[in-house]
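Please open the structure in your viewer and keep the sequence panel visible. The tour below proceeds by selection, one stop after another.

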Amino acid sequence: MTTSKKKAKPQTPDNVSISAHYDAIVIGTGPGGEGAAMGLAKQEKTVAVIERAPEVGGGCTHWGTIPSKALRHSVSRIVEFKKSGFDLNSDAGEKVTFQSILKHTERVIKDQVDLRKGFYIRNNCPVYRGEASFITNKIIAVRNSANEVEYISAEQIVIATGSRPYRPSDVDFNSKRIYDSDTILSLDHQPKSIIIYGAGVIGSEYASIFRGLGLRVDLINTRDRLLSFLDTEVTDSLSYHFWNSGVVIRNSESYDKIIETEHGVEVHLESGKRMRADCLLFANGRTGNTNTLGLENIGLKANSRGQVDVNEHYQTTVDNIYAVGDVIGYPSLASAAYDQGRIAAKAMISGNNEGSLIRDIPTGIYTIPEISSVGKTEQELTEQKVPYEVGRAQFKHLARAQIGGVNVGFLKLLFHRDTKQLLGIHCFGERSSEIVHIGQAIMEQKGEGNNIEYFVNTTFNYPTMAEAYRVAALNGLNRLF
């Protein structure tokens, strides 16, 4: 393989011949790995990346964020058309199925892969294909699909291997009726019903997708309410919308056993309930991809979920090794992973003297409708005894929403009663993940710049969804006395 400028090689164990030495090696090409590799390459460091999949992009591009959001986009358009009175399953057109909308998803994945390939080529980052494992803290073995091993080394190494769906041993994932969030994309038939076990972000998003396609959906939630980390008013709205669309939610339930039958799959719950469907999506947690890295060879240990501990600079307990993304746990967001990689690159160059992730990370959940939030919830502010007030705007009252037929949703602003400082933004409805960033930009301002009155004193294009900020701000300010 052609490599970048070579450096002096470190001392090696017997029978190990190093083919190339770099300033840094990044294991994984998802958002975290890409952020780290690009950050280092832009500072003229020699960087190699290792990817075990056939193409770059990581789980985010191939199985997670991009595919699920592309699917969601297609289904949400279908839902809109149905509400407009169009018959998408008429004789004049092809019947809409999960397999047919995957065609759009596959095009998006290809475009993303081509884009990301170009990043590595333009920045002279060679991509090694294969499974990475540590020989020492500076030497990596790369085993390719032909079982051939190549050894490369670097002064610093970034672990950005991502995560995979958690698979309990008592669930038969070899069954053609039982899927996880990676394998669900290989669904090759059109079921009439599905059970989704796990009502976190992934489970809730796929509940929206399958219900939008007309399947009967049972959503099993192991907790007492959906997405309990969100503001209660938002999760209550999602629960109601699911109920209104026909999704059956079963809270505070756990499975006793999951059985494949001749005609589908049965779930026996510990509460004694039994459920049956054509297939099941198991979406209850994820595990860090560290089991094949040979961490024991460098004295690094992962926890029971395959995650490694890092400090505020994303440095592990082994000084020259950093870790970013899902493999370190919270917040497990593609957006945050890229920033973590970028910040880790800065820390590696500066000797841990700069860089930190923003305090308030926005959350985007691509259910139908979308959810997005940043900052504090009402529950957190109440617990902290912060004197706050609430400003609300209902989407159904906005001209742009009426034009687009978007009559479900709201924007909620939380602000300090005395200083009018913006404390939290919570949005439920179409385009929420875009709308939230307007408020985020103001919330991140220092001093008097972070004031809800900004939304009253500025001028918004009309008609727009952004106008919700002016409506919500006026609503909140009118509550003050």
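Begin by selecting isoleucine 140 and isoleucine 152: the latter, in strand 6, is the bridge partner of the former. The model in view is a predicted one. Extend the selection to strand 5 (residues 139-143) and to strand 6, and five bridges appear between these antiparallel strands. Strand 5 and strand 6 form a hairpin with five residues between them. In the turn, select asparagine 147, which has a positive phi of about 70°.

Next, keep strand 6 (residues 149-159) and add strand 1 (residues 18-27); the two run parallel and are joined by eight bridges. One place to look is isoleucine 18, whose bridge partner in strand 6 is tyrosine 151. Then add strand 17 (residues 321-323), which pairs with strand 6 in the parallel sense over three bridges. Here isoleucine 159 has alanine 323 of strand 17 as its bridge partner.

Remain at isoleucine 159 and display its surroundings. Which residues does isoleucine 159 touch, not counting those up to four places away in sequence? They are Ile27, Phe134, Leu293, Leu295, Leu300, Ile321, Tyr322, Ala323, Val324 and Val327.

Now select Ile27, Ile50, Phe134, Ile140, Ile152 and Ile159 together. Within the largest nonpolar core, which has 49 residues, these touch the most other members. Strand 1 supplies the largest share of this core, with six residues. Another core, of 37 residues, lies apart from it; select Leu71, Val75, Ile196 and Ile368, which are among its members.

The following stops concern charged side chains. Side chains of opposite charge can pair when their charged atoms come close. Across the whole structure, a search finds 24 salt bridges.

Select arginine 52 and glutamate 131, whose side chains meet in a salt bridge at 3.0 Å, N to O. Why does this pair tie together parts that are 79 residues apart in sequence? Arginine 52 lies in the loop between strand 2 (47-51) and helix 2 (58-62), whereas glutamate 131 belongs to strand 4 (residues 131-134). Arginine 52 is partly exposed, with a relative accessible area of 48%, and glutamate 131 is also partly exposed, at 29%.

Move to arginine 417 and glutamate 389, a salt bridge in which the closest N and O atoms are 3.0 Å apart. Arginine 417 is in the loop between strand 21 (409-416) and strand 22 (422-429), and glutamate 389 is in strand 20 (residues 388-394), so this pair ties together parts 28 residues apart in sequence. Is each partner buried or exposed? Arginine 417 is partly exposed, with a relative accessible area of 22%, while glutamate 389 counts as buried because its relative accessibility is 15%, under the 20% cut-off.

A further pair is arginine 470 with glutamate 467, where the closest N and O atoms are 2.5 Å apart. Arginine 470 is partly exposed at 29% relative accessible area, and glutamate 467, at 9%, counts as buried. Then select Arg72, Arg77, Glu370, Glu430 and Arg431, which are linked in a network of salt bridges.

Finally, colour the chain by pLDDT. The mean over the chain is 92, and 95% of the residues reach 70 or more. Select residues 1-6, where pLDDT stays under 50; the model has 15 contacts for them beyond four places in sequence. Where pLDDT is low, the predicted coordinates should not be read in detail.

Technical notes
Residues are numbered from 1 along each chain as its sequence is written. This is a predicted model: local features need pLDDT of at least 70, side-chain atom pairs count only at pLDDT 80 or more; totals for chains, interfaces and linings use all residues. Side-chain values use heavy atoms; hydrogens and water are left out. A salt bridge is a side-chain nitrogen of Lys or Arg within 4 Å of a carboxyl oxygen of Asp or Glu. Helices (H or I, at least four residues) and strands (E, at least two) are DSSP runs, numbered from the N terminus. Buried means under 20% relative accessible area, exposed over 50%, partly exposed in between (1.4 Å probe, protein chains only). pLDDT is the predictor's confidence in each residue, from 0 to 100. Contact means heavy atoms within 4.5 Å. Two strands pair if DSSP finds at least two bridges between them. A nonpolar core is a set of buried Ala, Val, Leu, Ile, Met, Phe, Trp, Tyr and Cys residues joined through side-chain atoms within 4.5 Å.
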